[in-house]
Amino acid sequence: VFQAYPDMGILHPGRPAGIVLSELLNGMSSNLFNEVREKRSMAYYVGANRVTGINTGMFYLYAGTAPNQVEDVLQQFDIEMERLCNGKIHDDEIRRAKARLKTGKRMQQQTAGNRTLEAALNKLYGLPVNDFLEYDLQIDAVSSTDIQTVLQESIVIAEPLKLTVQAAS
């Protein structure tokens, strides 16, 4: 199953909050994973991701589940999105997400090729070439209110697209 929303682009000032939001819904320590997979055993895998363009993008939730669990998984997606939209985000959730993001960024920046690619893309986008040097500060500055605002103003602004694909047997 797949549930998609419109998202902001890379130039949007709320981008760091969008990055933290995506991480909040990912990984085995996320509330979404815990509710859908661990507590309810409704999916084999579950998470969130983003496709980010310059001015617009797509934010989506996904899960691999059995046909008889589709509606329940989609309902859990809605419950989780509503929780986040209402600002019910625990400080420890945000702390864990920020730590994972900053660690991942450091790992990504270990090669000269990755640093060069990011600098070149930043130049093309009109961002400061060394914007990645401010990444930790940008991520650390994100609050639960920022995440709630980004959700309400840039993501959950339309009914989500819900898609179910059944594998051929």
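Leu-117, Leu-121 and Leu-124 form a nonpolar surface patch of about 300 Å². One of these residues, Leu-124, sits in helix H5, which covers residues 112-125. Leu-124 has a relative accessible area of 67%. That value is over 50%, so Leu-124 counts as exposed.

This is a predicted model. Its pLDDT averages 92 over the protein, and 99% of the residues score at least 70. Confidence is lowest in helix H2, residues 31-39, where the mean is 89. It is highest in helix H6, residues 135-140, at 96.

Four side chains illustrate the range of exposure.

| Residue | Element | Relative accessible area | Class |
|---|---|---|---|
| Leu-124 | helix H5 | 67% | exposed |
| Met-58 | strand E3 | 28% | partly exposed |
| Lys-105 | helix H4 | 12% | buried |
| Tyr-135 | helix H6 | 10% | buried |

Next, the buried pair. Lys-105 belongs to helix H4, residues 91-108. Lys-105 is a buried residue because its relative accessibility, 12%, is under 20%. Beyond its neighbours up to four places away in sequence, Lys-105 touches Glu-118, Phe-132 and Tyr-135.

Tyr-135 lies in helix H6. Tyr-135 is buried too, at 10% relative accessible area. With residues up to four places away in sequence set aside, its contacts are Ile-19, Leu-101, Lys-102 and Lys-105. Ile-79 is another matter: it is 56 residues from Tyr-135 along the chain, and their C-alpha atoms are 30 Å apart.

Met-58 is found in strand E3, residues 56-64. Met-58 is partly exposed, at 28%. In sequence, Met-58 and Pro-6 are 52 residues apart; in space, 4.8 Å separates their C-alpha atoms. Outside the four places on either side in sequence, Met-58 contacts Phe-2, Ala-4, Tyr-5 and Asp-7. Its contacts also include Asn-49, Arg-50 and Val-51.

Helix H3 runs over residues 70-85, 16 residues in total. From first C-alpha to last, H3 reaches 23 Å, close to the 22 Å expected at 1.5 Å a residue. Among the buried residues of H3 are Val-70, Val-73, Leu-74, Phe-77, Met-81 and Leu-84. Gln-76, Glu-80, Arg-83 and Cys-85 are also buried in H3. After H3 comes Gly-87, with a positive phi near 75 degrees.

Definitions and conventions
Residues numbered from 1 in each chain as written. Predicted model: local features only at pLDDT ≥ 70, side-chain atom pairs only at ≥ 80, totals over all residues. Heavy atoms only, no water. Patch = residues over 30% accessible without salt bridge, like charges linked within 9 Å, V, L, I, M, F, W, Y side chains within 5 Å. Areas by Shrake-Rupley, 256 points an atom, 1.4 Å probe, with all protein chains shown as cover. Salt bridge = Lys/Arg side-chain N within 4 Å of Asp/Glu carboxyl O. Helix = DSSP H or I, 4+ residues; strand = E, 2+ residues; numbered from the N terminus. Buried < 20%, exposed > 50% of the residue type's maximum accessible area, 1.4 Å probe, protein only. Expected span 1.5 Å × (residues − 1). Contact = heavy atoms within 4.5 Å. pLDDT = per-residue confidence, 0-100.
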